[in-house]
Structures are given as structure tokens and as C-alpha cells.
Amino acid sequence: MGKTIIISNRLPVQLQISNGNITAIPSVGGLATGMKSVHSGGDSLWIGWSGLTDEEIPEELEPEIDKALAKHGSSKVRLNTAEVEGFYFGFSNRTVWPLFHYFLEYSEFELASWNTYKAVNQKFADAILKEANEDDTIWIHDYQLMLVPQMVREKRPGISIGFFLHIPFPSFEIFRTLPWRREILEGLLGSDLIGFHIYDYERHFLSSVRRILGLEVSFNEIYQENRVIKVDSFPMGIDYKKFSKAAQEHEQKGAKQQSELQQRLNEHKKNDPEAKFFLSIDRLDYSKGIAKRLYAFEYFLNKYPQYKEKVRLIILAVPSRSNVPQYKLLKREIDELVGRINGEFSTVSWTPIWYFYRSMPFENLIDLYTSSDIAWLTPLRDGMNLVAKEYIATRTDKTGVLILSEMAGSANEMNEALLINPNNFEQIADTLHEAITMPPEEQQARNQVLQQRLERYNVEKWANDFMQSLQAQKDRDAAKVSAKMTDALLLKVSQTYKNAGKRLLFLDYDGTLAGFHNDPQKASPDAELYKLLDALHAQEDTDLYLISGRDKDTFTRWFLPKQYNMIVEHGVWISRKGEDFRLLENVKNDWMDKIRPVLESFVDRTPGSFIEEKNYSLAWHYRKTDPDFGSLRATELTTVLTSLIGTDDLSVLNGNKVMEVKSSNVNKGRASVRILGEDSYDFVFAIGDDWTDEFMFQELPDSAITVKVGRQKTQAKYFVENTGQVRELLQSFLT
């Protein structure tokens, strides 16, 4: 059993250097808490940056730091000041963060920052590779390390890698603006499992993979040459017991045990028992919508003047990235807004906004959570927002109202909250009024459901669910119906081939002997393939058939001079030893005039698609269309054709980005069995990559060696990963 290696930008411990002594203090953040169940005992390691640059660490203290971190199961990645600036403050927070949160106007596309990001990601990958064995499990976290999965995969192809993105993944239209979009996607696809907080982010990611990389996506699985990558959503929870218990202990405290903040809150409540506290807690970040919340509060006070001197907005803005220019401007804007609104509405005994620009200890957070009647959390875009969950967990009597932005990931699982559009001031003002007047019974009914859900799906369950899903993905190959063509199997099959007296080979072309091309006419054979086929064709006691859905004119041009045996258009035509093609099946094509206009209408409505007309079939290709749009049109066309052909002797074949209408009594299975019956063979071999080849795999006898190219579900006994491995397999028959 291998160990678990966790990787994040920052380690779950904080280092402090004082008088030459090193102190390592465990962090209390959401990720550090959530990973406790995964990062425990001696079978796990956490790799990350310590928070101290090389310039800040005296060389003689390096060994002491390593020892201090090792006690917490951690190992550091060293970064200097320039690397932190380019990697963290640069590309991570001036490019990725604003872009992924839909603030395109703040995104900077600097080549120098990108190069530093790549270099630092390689440092993290090297740190993993130094510690990792093939049977280990790797879990990489967040947007700072999106290139690491592929960097590790290149050196450890068999290792299990998971990745979780803790921020939103933007829509394709936003993501496509990133100059290094392909590199980011390819980096992430080094993972076996990619996790997001909610399905929307998962959907955006899959759309970008289809459109930018052109990879096949089936439901939540991505097919990339020799691998299947699973994408799923895992909404992150909180340490529910920690917050619930803290709130219960808070209730038991006497006046003398209470904090100064709590005593001040109590005093204000005592002076006006009917007054309501609104609570707003965020990092000082433009994605949190603090400025808009202040404008909305001003709008509320003007629309509902009866609440003046009856409500107070408590804003806790935690400092964040204060050296980034946009954050400095945001801080100034909020300071000015708070001052202006307080100046406009304050009275001798009432200040509408209490504004705190600092972080607070856990005890004071509990003070605010338990004392506030309404939590008002309205980010413009947020990956999850755990503050909403923490507030609900501290409501011991189940009263309190949560107002939550629809744009927060947590809104997907907290429908009992009052959900609002953070840009709609009219709706916000009315929702604040609704929250103030909501009966306690309704508050308790809503919060009881929320608390039960949050307690059940807590942060520990989030981590365990991800790890279980990653393990299931790791075990996927063992559960496959077909077996992977390993080196041992390859040797066994090639030996059986060489010992056979009479051999029959059926070889598909597109996606098997050669890769796909946007224009089917340009996917002509290369010199290496001709050489391989020549050698197989020349072997004694060997009948080789190229069996394809291609038209006879193309194969005549490519292969007839070679005198290979060929079956084309899925079994309509046959050519043996260089003779002209003749009909293998008695088929009609009088139906084509009826079907052609239907396909032409879809070509008109689907840019990039085209019709390939064969002698006895029509194929609609959509490889060059937008992947999502093409798939949608293909589904629509299937419905139209199915209803149109009715009981006619026709069928619709769905291939790789192509739909073909042909006679239903013609297929590769029927053709291959017909050839098989013409002689006595003691070795039968068939290989192909799509649904048309499944007819061969089904119809050939159990003794046949059937091989699928790719990892899709199949009737074949074995599978290989790609066209490169197909050629290796066939080459083994010659050596």
C-alpha cells in the first residue's frame, strides 16, 4: 500500500523564526482542516512552500526547518523572492485569479510571469517525483499548480494523480482568452481525477477541453489517447462539529468570560433589543462584491427608511494581497464608501456601518456569528464560500437568516437560504426586508434542514469522497471487460501468430492504422504504414484484408497498386489482389435521393460539417464543427433519420464525428464472416476503433483475437491505447 502525497501552494503549518529558533504552528484553514483524515499517520506527506523565501531563511537554519516540518509530515519547496513575485503574485493572482472569477479587465497576460509559473510548477513536480513511488497516490490542490499533474505524469505514467480546483472554472468564452489555454488544460489532464466544487465549473471545463483540445468527452469522462480522465464535482464542507461546539461553549460563558467584542455587541443589543445586526465577512477581494454590498445597503436605507437606527452592518474585511494594485484601489474605494455612508446616515446614537479591516481570532468570529441576526454574503463570484456554512453551523437555536449570492458555489447546496443576484439592488433591498421580518419559526425550519445537510456532508466527507473516487479510478483498468494488450499478452499473441498454419487479418483504417484528420481525404497512408502492410501482405499463408467504411475510389487510389485485399463502405465492395472492386453485397442506392436533402439541410445549419457521398451510403462529417454544437446537431439528426427511414432497409451508424446512412444488411461483421467461411484458418485477427468494428468483434468466432483501439466499452477481447500501439502490435507479427 503506497503513501498519500498532498501538494498545495502553502504548507498546513506556519514557520516562525525567533532568535535562531524555528517554531512550526499548524494552520487552521479550511484545506488544512479538511485534509486531516487524509494527512494522518506515517503514510502521508504534504509538500508545499513554507511561506518564507530563500532570502528570509539563514542557510544554517535549513536543516532545522526541515526537521520542524518533518514533525508535521511536511516537506518544503524552496522559492526565492523573484519566484514568489512571478508565480504567486504574478501569474496566479494577476492572471488566473481575475480571469477565473470573470474579471477579465484585471487579467494581465505577461510572458515573464507565465515562464516563472511554469518553472515553479516544475519545482513542485520535481519535489513530488523525489518522494513518490509508482504505488503512491498524489492529490494536487488549486490554481497555482495546474501544470504539475502532467509534469509528474511524464515521469511516472502509472501513478495515481488527483487534482482539485478550489476556485471557479470559467466558461469557454472567458477561458479561451488566456494565451496559454492549451498548456493549462494539458497540464490538468495529467490527472486521473479532476474535482470541482459544483457541476457548473465541471461543465465549463469539459466544454473547454472539447473545444480547445478537440478531445472526446462522454458524460464526465475525457478520452485522451491512452487514458480516461474522470471529472466530477465535490462540494467542500466545513468542520461542522468545530463550529457547532464552539457556539455551544460560547453560550455557556458568563459576562466576565466573554471577549471585549462580545461585551460591546451585548451592550448594543441591550440598548435596542429590536435592532438587527447584518454580518458581512470576506477577504478584501474584488470578487467578493464588498463595494456593491455597500451601495446596496445605502439603497436599502433609502428604500426602507423605517429601518434607520434599527439595523447595523458589520463588515469584516480580511486583508489580502495588499501589494497588488487592484487591491490597493479596492481598499481605498471601500474606505471612502464606508466613510460617506456613515457620514450621510449617522445620528448621535447610531452608526450604520461597523467596519473592521483586519483578521480576527477564532473566538471573535464565533462572537460575530452567534450575535448577528442576518449573514449577508453576496460575492460577485466565489468558488464555494465557507463563511455561509460556518454561520449556519453556529446557530444553536436555529434562528438567523442567511442571504447568499447565487454566484457562490455554496448556493447550489443551500437553497433554503435567501438567494439573490448581487447586482440587483432592488432585489437585495427587498430581501433584507424579508430577512428582518421573517418569523422565527420559518428561520428555524430553513436552518434545521441546512444544519442537517452541512453536518452530514462535512469537510472530512468531502476529502474522503474525493479519495474514494480517485481510488475507484485507479482500479478502473482491472474492472474492464477487455484486457489491456500488455507486453506479456503481445508476446503470446505474436507467438501464436507465428505458429499458425493459415492466418486471416482484418485491419480497420481510420483511427486504427492511421489517426483522424479534419478532412478525410487528407489522411493518406505514410511511408511507414505502406512498409508495414507490404511486409504483412507478403507473408506466406497470410490473408490480410483492409476493412473500412471508406469509399472505393479513395482506397483504389491509395492501395489498389499494392494489390492488398480490401473491403470498403462497411462491406459493400471487395477487391482481391489488385483486381477492380466488385459488389460483395446486393444493395440499392435509390434511397439516397430522399436522404441527401435532409443531410444537406444539416450541413447548411451546421458550419464546418459536410457530406461524403459513397456509392451506396451517405456520411455526414462534423469533425470540424464546434464540438458541443456538432454533438447537439448529431443527436437531432439521429432523431430525424430514425423517424424518416422507418421500416426501410436502412440503418444509421454513429462513428467518430461522423454519421453514416447505409443499407442495414451490410456491415463489417457480415463481410468478415463471409471471408472467414471461404477457407480454413487457425489464426483470425481483427482490430478496429469504433462502433462499426463492433460488428466484427461480435460475429467472429470466440477463437478470434479481437482488439479495440481505445478504452471505450467493447465486445473485443483486448484493447490497445492508440494507433502507435497498433503498429507496434502488427510489427511484432514480423519479428
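Q: What makes the pairing in the open sheet of 9 strands mixed or uniform, and in which order do the strands stand?
A: In this predicted model, the 9 strands follow the order β5-β4-β1-β6-β7-β8-β11-β10-β9, and their pairing is mixed. In general, strands of a sheet pair through backbone hydrogen bonds, either parallel or antiparallel.

Q: Why are β5 and β9 said to stand at the edges?
A: β5 (74-77) and β9 (216-218) each have a single partner strand, so one side of each is left without a neighbour in the sheet. Neighbouring strands of this sheet are turned by 20 degrees against each other on average, with direction ignored.

Q: How do you know that β7 and β8 pair, and in which sense?
A: Two strands pair if there are at least two bridges between them, and strand β7 (residues 160-164) and strand β8 (residues 193-196) have 3 bridges, so they count as a pair, here in the parallel sense. As one example of a bridge partner, F163 has I194 in β8.

Q: Which strands does helix α4 touch where it packs on the sheet?
A: Helix α4 (residues 111-131) touches β1 (4-10), β4 (44-49), β5 and β6 (137-141), and its direction makes about 160 degrees with that of β4. Helix α5 (residues 148-155) also packs on the sheet, touching β6, β7 and β11 (227-233), and its direction makes about 175 degrees with that of β7.

Q: Why is α9 called roughly perpendicular to α13?
A: The axes of helix α9 (residues 240-252) and helix α13 (residues 362-371) come within 10 Å and cross at roughly 75 degrees. Angles of 65 to 115 degrees count as roughly perpendicular, and therefore α9 is roughly perpendicular to α13. On the side of α9 the contact is made by K242, F243, A246, A247 and H250, and on the side of α13 by F362, I366, D367, Y369 and T370. These contact residues divide into 6 nonpolar, 2 polar and 2 charged.

Q: What makes the meeting of K310 and D272 a salt bridge?
A: The nitrogen and the oxygen must lie within 4 Å, and for the side chains of K310 and D272 the N to O value is 3.7 Å, so the pair meets the rule. K310 sits in the loop between α11 (290-303) and β13 (311-318), D272 in the loop between α10 (260-271) and β12 (276-283), and the two are 38 residues apart.

Q: Why is D272 called buried or exposed, and what is K310 called?
A: Buried means under 20% relative accessible area, and D272, with 19%, is therefore buried. K310 has a relative accessible area of 37%, which means that K310 is partly exposed.

Q: How do you know that K668 and D508 form a salt bridge?
A: The closest N and O atoms of K668 and D508 are 3.0 Å apart, which fits the limit of 4 Å. K668 lies in helix α23 (residues 668-676) and D508 in the loop between β19 (503-507) and α19 (527-538), so the pair ties together parts that are 160 residues apart in sequence. K668 and D508 are both buried.

Q: Why do β24 and β26 count as edges of the open sheet of 4 strands?
A: This sheet has the order β24-β25-β27-β26, with antiparallel pairing. β24 (610-613) and β26 (650-654) each have a single partner strand, so one side of each is left without a neighbour in the sheet. β26 and strand β27 (residues 658-663) pair in the antiparallel sense over 5 bridges, and S651 stands opposite K662 in β27.

Conventions
Residues are numbered from 1 along each chain as its sequence is written. This is a predicted model: local features need pLDDT of at least 70, side-chain atom pairs count only at pLDDT 80 or more; totals for chains, interfaces and linings use all residues. Side-chain values use heavy atoms; hydrogens and water are left out. Axes are lines fitted to C-alpha atoms, for helices over the stretch in contact, and angles run from 0 to 180 degrees between N-to-C directions. Angles under 35 degrees count as roughly parallel, over 145 as roughly antiparallel, 65 to 115 as roughly perpendicular and the rest as oblique. Contact means heavy atoms within 4.5 Å. Ala, Val, Leu, Ile, Met, Phe, Trp, Tyr, Cys and Pro count as nonpolar, Asp, Glu, Lys and Arg as charged, and the others, Gly among them, as polar. Buried means under 20% relative accessible area, exposed over 50%, partly exposed in between (1.4 Å probe, protein chains only).
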